[in-house]
Amino acid sequence: MHSINKIGNSFWYITPVSETDRPILGLVVGNKKTLMIDSGNSEDHANYFQKELLNRGVKSTDMVVLTHWHWDHIFGLSALSNTVSIASKKTKEEIEKLIPFSWSDEALAERVKEGIEIEFCAKAIKEEFKDHRDIKIVLPDVTFEKRLEIDLGGVTCIVQHVGGDHASDSVIVYIVEEKILFLGDCIYPNLYSPKINYTIEETLRLLEELEHFDADTYILSHQMPLSKEEFNQEVVMLRTIAKYTKSCGGDYQKIIKEYKKHVNRELTEDEREMISDFVNGF
């Protein structure tokens, strides 16, 4: 199921699980304080991570920062009542909108029908909360606008709002001494629209902002950590497909032809899917 891994001297993380859409959760351990990154998709998720860390002799969590408002990153917050929770103002505003919702199968189905919720998330919520559906929406204690610097004692975390197509409230966490950039979901496409999509301008703006961080390891919430080289390959693919989407006027077949010529080989499933997402957003 999960495994708990460590990178460098101060960063621990739990691997993602796709069936129930559990993202990576991180913990940065300083000499004085600890900072958890995201609270998980349920109390069970958050508690499991905490318990496994304690079994390894890791200090308990003092603070938790949320990368964005999506359910799989915030539903575990009610299990972390002894921590100080931090989020961007935009994230708090989005979480507030979830407070009136019911999470029964019927309510989820109705919201999917109305286009408020997406089928993928509704299915994963049912899978994660099979035995009980006691979901408590908790608001963060501390909010910030653009950037926050947290000194944990020997380890510094820069928390910065970056936005992106996936969620306009997305923040990243840069662990300075470890050169780790925790991206959350920020470079994924927008799922909450009639068609999954990337937009050219927002993608290029986001990639430019991320370039300011000198990282060796990149953490994306729903896949294994990437090296600098692997992340750069992802960035090149996004930029190149964005360029051809623009020059080909959003024509799928033309983009495929141009990109195939550019890479001089058959395209992967990932590349074709990304081209389709850019066409949807054009």
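Two strands count as paired if DSSP finds at least two bridges between them. By that rule, six strands of this predicted model form an open sheet in the order β8-β9-β10-β11-β12-β13, with mixed pairing. The edge strands are β8 and β13, each of which pairs on one side only. The points below cover this sheet, helix α7, the buried Asp 185, the salt bridges and two aspartates with positive phi.

**The sheet around β9**

- Strands of a sheet pair through backbone hydrogen bonds, either parallel or antiparallel.
- Strand β8, residues 147-151, pairs with β9 in the antiparallel sense over five bridges.
- Within this pairing, Leu 148 stands opposite Val 159 of β9.
- Four residues lie between the strands in the hairpin of β8 and β9, and Gly 153 there takes a positive phi near 95°.
- Strand β10, residues 171-175, is joined to β9 by five bridges, and these two strands also run antiparallel.
- The bridge partner of His 161 in β10 is Val 171.
- Strand β9, residues 156-161, is mostly covered, with six of its six residues buried.
- In a regular strand the side chains alternate between the two faces of the sheet.
- In β9, Thr 156, Ile 158 and Gln 160 point one way, while Cys 157, Val 159 and His 161 point the other way; all of them are buried.

**Helix α7**

- Helix α7 spans residues 228-247, 20 residues in total, and reaches 28 Å from its first C-alpha to its last, close to the 28 Å expected at 1.5 Å a residue.
- Its buried residues are Phe 231, Val 235, Met 237, Leu 238, Thr 240, Ile 241, Ala 242, Tyr 244 and Thr 245.
- The buried residues of α7 pack against three strands of the sheet, namely β11 (180-184), β12 (217-220) and β13 (226-227).
- They also pack against the helices α6 (200-210), α8 (252-263) and α9 (269-281).
- Just after α7, Gly 249 takes a positive phi of about 60°.

**Asp 185**

- Asp 185 lies in the loop between β11 and α6.
- What is the nearest side chain of opposite charge to Asp 185? It is Arg 22, 14 Å away, and Asp 185 is buried yet has no salt bridge.
- The side chain of Asp 185 does make a polar contact with the side chain of His 73, at 3.0 Å.
- Leaving aside residues up to four places away in sequence, Asp 185 touches His 68, Asp 72, His 73, His 166, Ser 221 and His 222.

**Salt bridges**

- The structure holds 16 salt bridges.
- Arg 239 forms a salt bridge with Glu 211, the closest N and O atoms being 3.0 Å apart. This pair links distant parts of the chain, since Arg 239 is in helix α7 and Glu 211 is in the loop between α6 and β12, 28 residues apart.
- Arg 239 is partly exposed, with a relative accessible area of 27%, whereas Glu 211 is exposed, at 53%.
- Glu 52 forms a salt bridge with Arg 56, with 2.9 Å between the closest N and O atoms. Glu 52 has 15% relative accessibility and therefore counts as buried, while Arg 56, at 39%, counts as partly exposed.
- Glu 271 forms a salt bridge with Arg 265, the closest N and O atoms being 2.7 Å apart. Glu 271 is buried, with a relative accessible area of 4%, and Arg 265 counts as partly exposed at 37%.
- Salt bridges that share partners join Lys 146, Glu 202, Arg 205 and Glu 209 into one network.

**Aspartates with positive phi**

- Most residues other than glycine have a negative phi.
- Asp 21 has a positive phi, near 55°. Asp 21 lies in the loop between β2 (11-14) and β3 (25-29).
- Is Asp 21 buried or exposed? At 8% relative accessibility, Asp 21 counts as buried, because the cut-off for buried is under 20%.
- Asp 38 has a positive phi as well, near 70°. Asp 38 is found in the loop between β4 (34-37) and α1 (43-55).
- Asp 38 counts as buried, with 0% relative accessibility.

Technical notes
Residues numbered from 1 in each chain as written. Predicted model: local features only at pLDDT ≥ 70, side-chain atom pairs only at ≥ 80, totals over all residues. Heavy atoms only, no water. Expected span 1.5 Å × (residues − 1). Buried < 20%, exposed > 50% of the residue type's maximum accessible area, 1.4 Å probe, protein only. Contact = heavy atoms within 4.5 Å. Lys, Arg positive; Asp, Glu negative; His and termini not counted. Salt bridge = Lys/Arg side-chain N within 4 Å of Asp/Glu carboxyl O. Polar contact = N/O pair within 3.5 Å; in protein donor to acceptor, adjacent residues only side chain to side chain.
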